[in-house]
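Got the viewer open? Let's walk through this one a selection at a time.

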Amino acid sequence: MSEHIVPVKVYITIFLVLLAGTLLTVLAAFHDFTYHLGSRTFALNTPIALAIAVTKATFVVLYFMHVRYSTRLVWVIVTSALFWLVILFALTFADYWTRGWFSIGW
Amino acid sequence: MIESPAATEHIQAHPALQHHFENMEQQREAGTLGMWVFLVTEIMFFGGMFLAYTLYRSKFPADFASASNHLDITLGAVNTGVLILSSFTMATAVWSTQVGKRQTQILCLVLTLLLGLTFLGIKAVEYYDKYEDALVPGQLIPGRPFGPEVAQEGDHDRHKLHLLPGATVEHVQMFYWIYFAMTGMHALHMVIGAGLITFLIIFSVKGRYDPEYHSPVEVIGLYWHFVDIIWIFLFPLLYLLGRHFEH
């Protein structure tokens, strides 16, 4: 048996991190993170919310889903999901943006 | 009769070992890999909906923010906590199976199931609230088409729709199509997950899983955590996008 058993202490830590992340994302949502730099506007609320969500998801994948201790093949499969997702978004938005369908920038 | 070494090995092998696998470890790794391949297809499935969300939100930012502000942030946040806790109890269920603590295993699985059902219950309360306020899009509910009451300046009734400058009721409806599609599909995954966990509980009580053989617990756990991850993204993207415009 070469299976890695993750101790419960690790799970408790991850659970607390996820709860803290949820609290943080709610608190951050009520604060206006829009900044003006010269003529440009940076609306940072959504990037901040997404950064917190990605961090939470990474903790779930690495520890709850044991990917950190899994074989290389599992790593390849997980990475491939992200790769296809990037293609889906990048190619679609390359199309929409170059047609000028959006009045706003991000 | 002289037994060949291979035959002896088979007699000693774990009863759950399928004949096409060399040993339990190979069988477990194959199962985990298979589940991950399935989850990749699930990520692409939800990815399409996240893409639709991103496109329409870019097109109608004020409308999406107004629509989102009508959602109940407290219920959404509580549900996030419930789901994270259920992921924790699921992870603990896998751990207790790995170390052979059967009582803890059954307890953790039952807790996971109850938390999953709590999530669905809270979701149902939210859906009913949207039904009451006529926010279910199109003609999905016969006799109750989409048609929320729009609040005037100074009206703080939370059952009315509060439109931000530039927002229209028609585009708010687009948000609610996406909201119901995404949370509905997520809830369907929760229902399937609850069914799978019920199956795990039955076989745990029968004592089928042990430190040598627990692939089903591990693999259904992966699925459950995946559903949790989808919600981790849905919560800020659906509930929190326009809160900073409110004051």
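Among contacts in chain B between residues at least 6 apart in sequence, what share joins residues at least 24 apart? It comes to 74%. Keep in mind as you click around that this is a predicted model.

**Stop 1: chain B as a whole**

Select chain B and colour by secondary structure. You'll get seven helices and zero strands, so to speak an α-α-α-α-α-α-α run when you read along the sequence. The radius of gyration is 23 Å, well over the 18 Å that the globule rule gives for 247 residues, so chain B is more spread out than a compact globule. Turn the C-alpha trace of chain B onto its principal axes and the spans are about 90 × 35 × 35 Å. If you colour by burial, 38% of the 247 residues in chain B come up as buried.

**Stop 2: helix 3 of chain B**

Now select residues 61-69 of chain B, which is helix 3. Eight of its nine residues are buried, so helix 3 of chain B is largely enclosed by the rest of the structure. The buried set is Pro61(B), Asp63(B), Phe64(B), Ala65(B), Ser66(B), Ala67(B), Ser68(B) and Asn69(B). What do these buried residues pack against? Switch on helix 2 (24-59), helix 6 (169-205) and helix 7 (215-239) of chain B, and you have the partners.

**Stop 3: Ser68(B)**

Stay in helix 3 of chain B and pick out Ser68(B). Why does Ser68(B) count as buried? It has 22 C-beta neighbours inside 10 Å, and the cut-off for buried is 20 or more. Leaving aside neighbours within four places in sequence, Ser68(B) is in contact with Phe175(B), Leu238(B), Tyr239(B), Leu241(B) and Gly242(B). For a distance label, try Ser68(B) to Phe46(B): these two are 22 residues apart along the chain, with 19 Å between their C-alpha atoms.

**Stop 4: where chain B touches chain A**

Bring chain A back into view. On the contact list, 37 residues of chain B meet 42 residues of chain A. Helix 2, helix 4 (73-98) and helix 7 of chain B each put at least two residues into chain B's side of this interface. Which helix gives the most to that side? Select helix 2 of chain B, with 14 residues there. Colour chain B's side by class and you'll count 22 nonpolar, ten polar and five charged residues.

**Stop 5: the domains of chain A**

Hide chain B. The domain assignment splits chain A into domain 1 (1-70) and domain 2 (71-106). Their C-alpha centres lie 20 Å apart. Between them, four residues of domain 1 of chain A contact five residues of domain 2 of chain A. The domain 1 side of that contact has three nonpolar residues, one polar and no charged ones.

**Stop 6: a helix pair in chain A**

Last selection: helix 1 (residues 8-29) and helix 2 (residues 45-64) of chain A. Two packed helices are described by the angle between their axes and the distance between the axes. Here the axes come within 10 Å and cross at roughly 170 degrees, so helix 1 and helix 2 of chain A are roughly antiparallel to each other. Show side chains along the contact: helix 1 of chain A brings residues including Val10(A), Ile14(A), Leu18(A) and Leu24(A), while helix 2 of chain A brings residues including Ile48(A), Ile52(A), Phe59(A) and Tyr63(A). By class, the residues of this contact divide into 13 nonpolar, four polar and one charged.

Notes. Residues numbered from 1 in each chain as written. Chains lettered and ligands numbered in written order. Predicted model: local features only at pLDDT ≥ 70, side-chain atom pairs only at ≥ 80, totals over all residues. Domains from an automatic or database assignment. Contact = placed C-beta atoms within 7 Å. Nonpolar A, V, L, I, M, F, W, Y, C, P; charged D, E, K, R; others polar. Axes fitted to C-alpha atoms, helices over the stretch in contact; angles between N-to-C directions. Helix = DSSP H or I, 4+ residues; strand = E, 2+ residues; numbered from the N terminus. Parallel < 35°, antiparallel > 145°, perpendicular 65-115°, else oblique. Buried ≥ 20, exposed ≤ 12 C-beta atoms within 10 Å, placed from the backbone. Rg over C-alpha atoms; globule rule 2.2 N^0.38 Å.
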